[in-house]
Amino acid sequence: MSTKKTYLAGGCFWGMEDLFRGLKGVKKTQVGYTGGKNDNPTYEFHPGHAEALEIEYDPEETTFENLLDFFFRIHDPTTLNQQGNDRGDSYRSAIFYQNDEEKKVAEEFVERVNESKRWPNPVVTTLEKFEHFWMAEDYHQDYLVKNPGGYTCHFIRFGSYVQ
């Protein structure tokens, strides 16, 4: 089996990981930091980095487009640097594309979400070139499995954007 990875940010990484791990075709998830200014970021020091999710998936079971579809259903992509009670650029909505094909699919998907009018405001999700992913500290990995009553603001809001 040959897998691919994608990198998404949509608020606190705990809730995103908890929902994505159960998706068909997703083989592994890890939470971490990407898109910022320093190497080896930590929870205490990650200027400009987003709390992000690394998703390893089987492209024979799901697609990048399907992952984006789910992504836009589990967080509010119209709130700038905010999800739930979390505020700051660490909690921005972002797609970290790895190549021109992913960028094109992401651009088209943002347009689709805007055209759907499901959200009262336009999408503010940024498209950022992927550079590097740094895994978060161990206590953040599988946090909501280890702490079932832990905080999350992620939930499935709508049906699919994909026809």
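## Overall architecture

The protein contains four helices and eight strands. The structure discussed here is a predicted model. Along the sequence, these elements are arranged in the order β-α-β-β-α-β-β-β-α-β-β-α. With a radius of gyration of 15 Å, close to the 15 Å that the globule rule gives for 163 residues, the protein is as compact as a globular protein of that length.

Along the principal axes, the C-alpha atoms occupy a box of roughly 40 × 40 × 35 Å. Among contacts with a separation of 6 or more, 78% link residues that lie 24 or more positions apart.

## Burial and surface

Of the 163 residues in the protein, 48% are buried. The exposed area of the protein is about 8200 Å², and carbon and sulfur atoms supply 48% of that area.

## Nonpolar cores

In soluble globular proteins, nonpolar side chains tend to be buried together. In this model, the largest nonpolar core comprises 31 residues, and those with the most contacts inside it are Leu8, Phe20, Phe72 and Ile95. Two or more residues of this core come from each of helix H1 (13-20), strand E2 (26-34), strand E3 (50-57), helix H2 (64-74), helix H3 (100-116) and helix H4 (143-146). The largest contribution is that of H2, which gives seven residues.

The surroundings of Leu8 illustrate how this core is assembled. When neighbours within four places in sequence are left aside, Leu8 is in contact with Met16, Phe20, Ala52, Leu53, Ile55, Leu67, Leu68, Phe71, Ala94 and Ile95. A second core, separate from the largest one, has eight residues, including Tyr7, Ala50, Ala94 and Phe130.

## Cysteines and disulfides

A disulfide is a covalent bond between the sulfur atoms of two cysteines. The structure holds zero disulfides. For Cys12, the closest cysteine sulfur is that of Cys153, at 6.9 Å, which is too far for a bond; the cut-off applied to a pair of cysteine sulfur atoms is within 2.5 Å. The same pairing is found from the other side, since the closest cysteine sulfur to that of Cys153 belongs to Cys12, at 6.9 Å.

Cys12 counts as buried because its relative accessibility is 7%, and Cys153, at 12% relative accessibility, also counts as buried. Both values satisfy the criterion for burial, which is under 20% relative accessible area.

Note on methods
Residues numbered from 1 in each chain as written. Predicted model: local features only at pLDDT ≥ 70, side-chain atom pairs only at ≥ 80, totals over all residues. Heavy atoms only, no water. Core = buried A, V, L, I, M, F, W, Y, C linked by side-chain atoms within 4.5 Å. Buried < 20%, exposed > 50% of the residue type's maximum accessible area, 1.4 Å probe, protein only. Contact = heavy atoms within 4.5 Å. Rg over C-alpha atoms; globule rule 2.2 N^0.38 Å. Areas by Shrake-Rupley, 256 points an atom, 1.4 Å probe, with all protein chains shown as cover.
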